[in-house]
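User: Please take a close look at one part of this model for me. I want the confidence caveats before the residue detail.

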Amino acid sequence: MAYSTPCVEPHPFGGDSFFPRRRSLAWKLCPAVRSVLPVTMSLYQACSLVVFACLAADSAAFVPGGPRVSTTRPAVVRLQMGLFDGIKEAFNAEEGQAIDVDRETPFDRWMGISTKTANQNEQKKAAFVDSMDEVNYVKLELSKPMGIVFEENDPSTGGVFVASLADGGAAASEGSLMVGDQLVAVSGENVLGLVFDDALGKIVDSEGEKTGLIFFRGGVTNLYGNLGPADDWLSEFLAKRAVA
């Protein structure tokens, strides 16, 4: 039995390869394909080299004649120490977290929930006195000398308060005043925030056998600042007390 020997023809991309005669015939009949394939392979090889160079290149840019400028973004690293870090931050973000002393645990202390805040809140509530409640004001009329020793509040607030009462004096005998009471009005005139000399000057300049005085019993922090009475309310209150 006779076997035909395949025709050996040059490979279009270099080297030798065995091509059957039928494929060799198709190759000979398509000279356009023979001329285009080498160019195509050259472009393919060039593109491969470019892609390889991009993948292997360092992620940095070089400025001609200048220093090296990095194009990489800085890495943001968040250190998570435990499973409940997010919960702890949520609790710490809110103020006023507190529990009773008998219910406090080590976990509560780690979360920042302590009884110290609760105690502070209780102290603030206990110290609060409504400056817009008429019950917290004392009105009286005294003759001179009144027997009251006044002192000035901090210069940031101004105003005066009762530092002490002279034994046997008019104020001590009347019995309404207490040490710490804040002077609010003299003869119906508002003296809140006045310096010492101006406030006492209103008493000295007052005429009549007796002088009307109005005091606030609640401390300086409840009378001045954000906790102080509204101007409209205070004016209405003083006008009503003057008539009474």
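User: Start with residues 58-63: how many contacts does the model have for them beyond four places in sequence? Then go to strand S10 and work through Thr211 and the aromatic pairs.

Analyst: Residues 58-63 have eleven contacts beyond four places in sequence, but pLDDT stays under 50 there. This is a predicted model. Where pLDDT is low, the predicted coordinates should not be read in detail. The mean pLDDT of the protein is 74. Half the story is in the spread: 50% of the residues reach 70 or more. Residues 15-22 also have pLDDT below 50. That stretch has 15 contacts in the model beyond near neighbours in sequence.

Now strand S10. The strand covers residues 211-216, and Thr211 lies in it. Thr211 has a relative accessible area of 1%. The cut-off for buried is under 20%, so Thr211 counts as buried. Its side chain makes a polar contact with the side chain of Ser206, at 2.8 Å. Ser206 is also among the residues that Thr211 touches, leaving out those up to four places away in sequence. The others are Leu140, Glu141, Leu142, Lys144, Met146, Val186 and Ser187.

Next, the rings. Searching the whole structure gives five aromatic pairs. One of them joins Tyr137 and Phe216. Their ring centres are 5.1 Å apart, with the planes at 55°. Stacked needs under 30 degrees and edge-to-face over 60, so this pair is tilted. The pair links distant parts of the chain. Tyr137 sits in strand S5 (residues 137-142) and Phe216 in strand S10, 79 residues apart. Both partners are under the burial cut-off of 20%: Tyr137 is buried at a relative accessible area of 6%, and Phe216 is buried at 0%.

Trp233 and Phe237 form another aromatic pair. Here the centres are 5.1 Å apart and the planes 10° apart, and the pair is stacked. Both residues belong to helix H9 (residues 231-243). They are four residues apart in that helix, so about one helical turn separates them. Trp233 and Phe237 are both buried.

The two pairs belong together. Ring pairs link Tyr137, Phe216, Trp233 and Phe237 into a cluster. Within that cluster, Phe216 comes from strand S10 and Tyr137 from strand S5, while Trp233 and Phe237 come from helix H9.

Key: Residues numbered from 1 in each chain as written. Predicted model: local features only at pLDDT ≥ 70, side-chain atom pairs only at ≥ 80, totals over all residues. Heavy atoms only, no water. pLDDT = per-residue confidence, 0-100. Contact = heavy atoms within 4.5 Å. Helix = DSSP H or I, 4+ residues; strand = E, 2+ residues; numbered from the N terminus. Buried < 20%, exposed > 50% of the residue type's maximum accessible area, 1.4 Å probe, protein only. Polar contact = N/O pair within 3.5 Å; in protein donor to acceptor, adjacent residues only side chain to side chain. Phe/Tyr/Trp six-rings, centres within 6.5 Å; stacked < 30°, edge-to-face > 60°.
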